[in-house]
Amino acid sequence: MNTLFMHCRPGFEGEVCAEISEHAALLEVAGYARGKAASACAEFVCSEAGGAEKLMRKLRFSRLIFPRQWARGDFVELPETDRVSVLLARLESYPVCGSLWLEVLDTNDGKELSNFCRKFEGPLRKALEKAGRLRDDPRLPRLLLTFKSGREVFLGLAESNNCALWPMGIPRLKFPREAPSRSTLKLEEAWHHFIPREQWETRLAPEMVAVDLGAAPGGWTWQLVNRHMLVIAVDNGPMAESLMDTGLVEHLQADGFVFRPRRPVDWMVCDIVEKPARSAALLQAWIGEGVCREAVVNLKLPMKQRYAEVRRLLERIEDDLRSRGIAFELGCKQLYHDREEVTCHLRRL
Ligand SMILES: C[S@@+](CC[C@H](N)C(=O)[O-])C[C@H]1O[C@@H](n2cnc3c(N)ncnc32)[C@H](O)[C@@H]1O
């Protein structure tokens, strides 16, 4: 059970390899990373026993930027019939598990396999329960099966409190019909990822004041208004009238990189398509100067060295805030709704 298997957005396998290799080197876990281009997955093959388990114990999944899901385990070849017996035999060397997720990769082949998974899940779950390999208990590890085809599966384990919040790391969010743009889901996903659900009432509270930079037509503003916040929407483009009619939005035609509110605000969010260094500097300035308490900013990724560049920008923010003696929490994730971008969250503590 010595491979760490990770899902990602297709095309970002190299970033996952770079990221996990850096962590493994720091934690002195020997091995190598590999990921076929556009396969939507990568793996870190550990050369010493217990390596994958150590990585999962020492790292918080939510702190990783590019992996969407992870699990430690091995690949298993499956026959065309009676796959359940083969899996049960392999699972004898695994601990009893507390939950079961069947997953596929985010590729066209993966989409085709999801039907098979839906049909297979019932019989597999029954057989596992009957054999005493599956018990409904969140303290026990989660059994994660990633099907690469009907004949090959990665049989993996992850702690239920240290893996993706949703199967395959893909959130089940319903597009709100009244929202003026699909990117509304990016901000909602960011909140799910960065803010524990039990803190939403206090950190996303009614009557908080938020600034939305690059707000038009208003998908992100819609989320803020939906939490009953007062929003200053900054954009030269027009905002959806339905949002203006709520009376909760003030629309300012100004440059988001120059605008500053007259008084400190609770939230700043920014979805302007800009060079990542400029967006990161904006985030750093708003939190560093106390203009807002919490912020979500989209960072467009450069063409090359995408992981290295994101790390460099995050380190710059961390160094600056530390040198000013500011306590903060910084997170960065390529969310499911992010394409060539990552989402940064910064909070002043
Ligand atoms: C990706 S769209 C934002 C979509 C928006 N978050 C939503 O959910 O509907 C980017 C917006 O940034 C605006 N923009 C670009 N440069 C800007 C700047 N310097 N200041 C303010 N807005 C800017 C554009 O007019 C555009 O409306």
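This passage describes the surroundings of the ligand and the setting of phenylalanine 259 in a predicted model.

The shell around the ligand holds 17 residues, of which Ser181, Ser183, Asp235, Gly256 and Asp271 come nearest. When the residues of this shell are divided by character, 8 are nonpolar, 6 are polar and 3 are charged. Polar atoms of the ligand are paired with both side-chain and backbone atoms of the protein, as the following distances show. A nitrogen atom of the ligand lies 2.8 Å from a polar side-chain atom of aspartate 271, a residue that is also listed among those that come nearest to the ligand. For aspartate 255, the distance between a polar side-chain atom and a nitrogen atom of the ligand is 2.9 Å, while at glycine 218 a polar backbone atom is found 3.1 Å from an oxygen atom of the ligand. On its own the ligand has 610 Å² of accessible area, and the protein covers 72% of this area.

Phenylalanine 259 is located in the loop that runs between β10, comprising residues 249-252, and β11, comprising residues 265-270. Although placed in a loop, phenylalanine 259 counts as buried, because its relative accessibility of 13% falls under the 20% cut-off. With residues up to four places away in sequence left out of the count, phenylalanine 259 touches Val211, Leu213, Ile232, Val234, Leu252 and Trp286. One of these contacts, leucine 213, is separated from phenylalanine 259 by 46 residues in sequence, yet the two C-alpha atoms are 8.7 Å apart in space.

Note on methods:
Residues are numbered from 1 along each chain as its sequence is written. This is a predicted model: local features need pLDDT of at least 70, side-chain atom pairs count only at pLDDT 80 or more; totals for chains, interfaces and linings use all residues. Side-chain values use heavy atoms; hydrogens and water are left out. A residue is near a molecule or strand if one of its heavy atoms lies within 4 Å of it. A polar contact is a pair of N or O atoms within 3.5 Å; within protein, one must be able to donate a hydrogen and the other to accept it, and residues adjacent in sequence count only if both atoms are side-chain atoms. Accessible areas come from the Shrake-Rupley method with a 1.4 Å probe; for residues, only the protein chains shown count as cover. Ala, Val, Leu, Ile, Met, Phe, Trp, Tyr, Cys and Pro count as nonpolar, Asp, Glu, Lys and Arg as charged, and the others, Gly among them, as polar. Helices (H or I, at least four residues) and strands (E, at least two) are DSSP runs, numbered from the N terminus. Buried means under 20% relative accessible area, exposed over 50%, partly exposed in between (1.4 Å probe, protein chains only). Contact means heavy atoms within 4.5 Å.
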